[in-house]
Amino acid sequence: MLYILILFLLFLLLFGIGFYYYRLINRIISVFNKDILKKKRILILLVIIFTLLSINLFSIIGVFFMHFICISLIIDLIYLIFKKFIKNKKIINIYKLCLLPLMISIIVLGYGFINMINIVETKYTIYTDKEIGEDIRVLLLTDSHYGDIFKKSNLDKLKKRLDEVSADVVILGGDIVDEGTTKEEMEYIFKVFGSIKNKYGIYFVYGNHDEQQYNMNRKYSYDELNEAITTNNIYILNDNYMPINSNIVIAGRNDYSMGRKDIDTYLDVSKDNYLIMVDHQPVEYLENIDFGIDLIVSGHTHGGQIFPIEMFIKLFHTADLSYGYGRFDNMDVIVSSGVAGWGYPIRTSHNSEYVVIDIKKSN
């Protein structure tokens, strides 16, 4: 039933986009040559082309057209409200030709390119009633997809900033590498991340891309990946856990796409401990709440990366939280948008980031 509803909604979306383009193209052509409007085959062909371009969000052209249609709809609404006050023919023609949404789309995507490579520090402070012995600073890095958009020059600059965080614990929350990452690139990023200054260690969980499971011609094997991680003193937490000190335990889950154990089958620790769970995908919160997890950190969603993808994440509930901080019963949740992005060098939804989490005892 859910799949039927999703397909129906997608059909409505497709039909709506097509109908809007039909009206839009009619409006633009009317400025130049009204005779063309009589040639319905040309109009329908143009509508089909632009509709297909708009729904192909796996291409930069598709991203551009999706931004264009969203911005155009907003401008249409504004024009409709103030239409009776607009008498200037030049302004009316500018509106009809869609010059304003075209320019804004170009500017937005230009911003998206700059925003992708401009990595910011995002900080959260979390308080707990549990005895943690000392304040703990966690550095969370997810979704660098190294070798795709995030390159060596970006990494070398970022490393200096990461060392300045003075982290007690470093968490690599998955998708550190990608399907297109070479073996040399994979080895290099884990060497760099494995040397980040810290007090209690660096911990890693697999994302859905790290093992190149979507690539028929993998650049490295699972054993080579594991070796690159562990030889750089990074602990792999695949359905496993490790104590940070006498009061804090960090656990990790195998990625949701690969199957995993139930938490209570491997996390054999006292609930008096402060429990941190690392799960690449922000899903199955209820199981974590029932077990008594205090903090869960994730990535995967990229914060949507491209508007309006985050809206679809929320609409279809593909994640329990799409981005940022949330509180679910007694469990704190943080989802990072990631160090970089995936697929194309544009980010128009949230920043590229690394996350600093200060865990403190409540007064």
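This briefing covers one helix and two pockets of the structure above. The model is predicted. Helix H5 spans residues 99–117, the largest pocket has a volume of about 1,100 Å³, and the second largest holds about 340 Å³.

**Helix H5**

- H5 has 19 residues, and the distance from its first C-alpha to its last is 28 Å, close to the 27 Å expected at 1.5 Å a residue.
- Its buried residues are Pro101, Ser105, Leu109, Gly112, Asn115 and Met116.
- Seen down the axis of H5, these buried residues fall within an arc of 120°, so they line one face of the helix.
- The buried residues of H5 pack against helix H3 (60–82) and strand E12 (352–361).
- Ile107 and Ile114, on the other side of H5, are exposed.

**Largest pocket**

- This pocket is lined by 29 residues, and the closest to its centre are Phe58, Ile309, Phe312, Ile313 and Thr318.
- Helix H1 (2–32) and helix H10 (309–315) each supply at least two residues of the lining.
- H1 gives the largest share, six residues.
- By type, the lining of the largest pocket divides into 19 nonpolar residues, nine polar and one charged.

**Second largest pocket**

- Of the 14 residues that line this pocket, Arg23, Arg27, Asp76, Tyr79 and Tyr95 lie nearest its centre.
- H1, H3 and helix H4 (89–96) each supply at least two lining residues of the second largest pocket.
- The lining of the second largest pocket has nine nonpolar residues, no polar ones and five charged.

Key
Residues are numbered from 1 along each chain as its sequence is written. This is a predicted model: local features need pLDDT of at least 70, side-chain atom pairs count only at pLDDT 80 or more; totals for chains, interfaces and linings use all residues. Side-chain values use heavy atoms; hydrogens and water are left out. Helices (H or I, at least four residues) and strands (E, at least two) are DSSP runs, numbered from the N terminus. The expected span of a helix is 1.5 Å times one less than its number of residues. Buried means under 20% relative accessible area, exposed over 50%, partly exposed in between (1.4 Å probe, protein chains only). The arc is that of the directions from the helix axis to the C-beta atoms. Contact means heavy atoms within 4.5 Å. On a 1 Å grid over the protein atoms alone, a cavity is a set of points where a 1.4 Å probe fits but cannot get out, and a pocket is an open set with protein on both sides within 12 Å along at least five of seven lines; lining residues have an atom within 4 Å of a point. Grid points are joined across faces, edges and corners, and a volume is the space filled by probe spheres set on the points. Ala, Val, Leu, Ile, Met, Phe, Trp, Tyr, Cys and Pro count as nonpolar, Asp, Glu, Lys and Arg as charged, and the others, Gly among them, as polar.
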